Amino acid sequence: MDYGKFLFEKSKAQKEQKKKQKQIQVKEIKFRPGTDEGDYQVKLRNLRRFLEGGDKAKVTIRFRGREMAHQEIGIEQLNRVKTDLEDIANCESFPNRVEGRQMIMVLAPIKK
């Protein structure tokens with residue numbers, strides 16, 4: 001086998017490996033402490049779609065003004081998202097405090 005043929009075979013094998021791998025993206029959904037039930041369900045449906053597609057999801061709760069005084073509402077909302085999606089996702093990172101004006105939780109799909 002000559003060197004040119006060897007290089008061709010090697011590049012062909014690399015292309016085949018590249019086809020089989022999947023890039024995992026991090027999708028983000030933003031909530032506010034006052035997000036109502038209808039909007040919550042729509043955002044939850046989108047989160048479910050992202051996770052079933054194999055992507056990670058970043059859930060952000062943004063606080064504005066006086067909402068900063070009621071951070072427990074944000075934590076309750078993150079806990080609610082976590083329990084609603086516990087069948088298809090596990091929590092990689094859960095915030096124990098506010099970073100700036102937002103709380104960030106990262107969810108990853110459960111491997112089958």
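## A buried threonine in strand β2

T60 is buried, with a relative accessible area of 0%. This residue is found in strand β2. The model described here is a predicted one.

Leaving aside neighbours within four places in sequence, T60 is in contact with E28, I29, K30 and F31, and also with Q102, M103 and I104. Of these partners, I104 is 44 residues away from T60 along the chain, yet the C-alpha atoms of T60 and I104 are separated by 4.6 Å.

## Overall layout

Three helices and four strands make up the elements of the chain. Read from the N terminus, their order is α-β-α-β-α-β-β.

The chain has a radius of gyration of 20 Å, whereas a compact globule of 112 residues would have one near 13 Å. Along the principal axes, the C-alpha atoms fill a box of roughly 75 × 30 × 20 Å. Contacts that link distant parts of the sequence can also be counted: among those between residues at least 6 apart, 65% join residues at least 24 apart.

## Surface and charge

The accessible surface of the chain is about 8100 Å², and carbon and sulfur atoms account for 49% of that surface. Of the 112 residues in the chain, 27% are buried.

Charged side chains number 26 positive and 17 negative. The centres of the positive set and the negative set lie 7 Å apart.

## The largest nonpolar core

The largest nonpolar core holds 20 residues. The members that touch the most other members are F31, L47, L51, V59, V81, L85 and L107. Two or more residues of this core come from each of β1 (26–31), α2 (37–52), β2 (56–62), α3 (71–84) and β4 (102–109). Helix α2 gives the largest share, with five residues.

What does L47 touch, not counting residues up to four places away in sequence? The partners of L47 are I29, F31, A57, V59, V81 and L85. Among them, F31, V59, V81 and L85 are also listed with the core members that touch the most others.

## Two residues in the helices

Q77 has its place in helix α3. Is Q77 buried or exposed? Q77 counts as buried because its relative accessibility is 9%, and the cut-off for buried is under 20%. Not counting residues up to four places away in sequence, Q77 touches F31, R32, P33, T35, Y40 and I61. One of these partners, F31, belongs to the largest nonpolar core.

D39 lies in helix α2. With a relative accessible area of 47%, D39 is partly exposed. D39 and I104 are 65 residues apart in sequence, and their C-alpha atoms are 19 Å apart in space.

## Two residues in strand β4

Strand β4 contains A108. A108 counts as buried, at 8% relative accessibility. Outside the four places on either side in sequence, A108 is in contact with L51, K56, I88, A89, N90 and E92. The C-alpha atoms of A108 and T83 are separated by 14 Å, and these two residues are 25 residues apart along the chain.

V106 also has its place in strand β4. With a relative accessible area of 17%, V106 is buried. V106 touches A57, N90, C91, E92 and S93, not counting residues up to four places away in sequence. Two partners, N90 and E92, appear in the lists for both V106 and A108. From V106 to K10 there are 96 residues along the chain, and the C-alpha atoms of this pair are separated by 38 Å.

Key:
Residues numbered from 1 in each chain as written. Predicted model: local features only at pLDDT ≥ 70, side-chain atom pairs only at ≥ 80, totals over all residues. Heavy atoms only, no water. Rg over C-alpha atoms; globule rule 2.2 N^0.38 Å. Buried < 20%, exposed > 50% of the residue type's maximum accessible area, 1.4 Å probe, protein only. Contact = heavy atoms within 4.5 Å. Areas by Shrake-Rupley, 256 points an atom, 1.4 Å probe, with all protein chains shown as cover. Lys, Arg positive; Asp, Glu negative; His and termini not counted. Charge placed at Lys NZ, Arg CZ, Asp CG, Glu CD. Core = buried A, V, L, I, M, F, W, Y, C linked by side-chain atoms within 4.5 Å.
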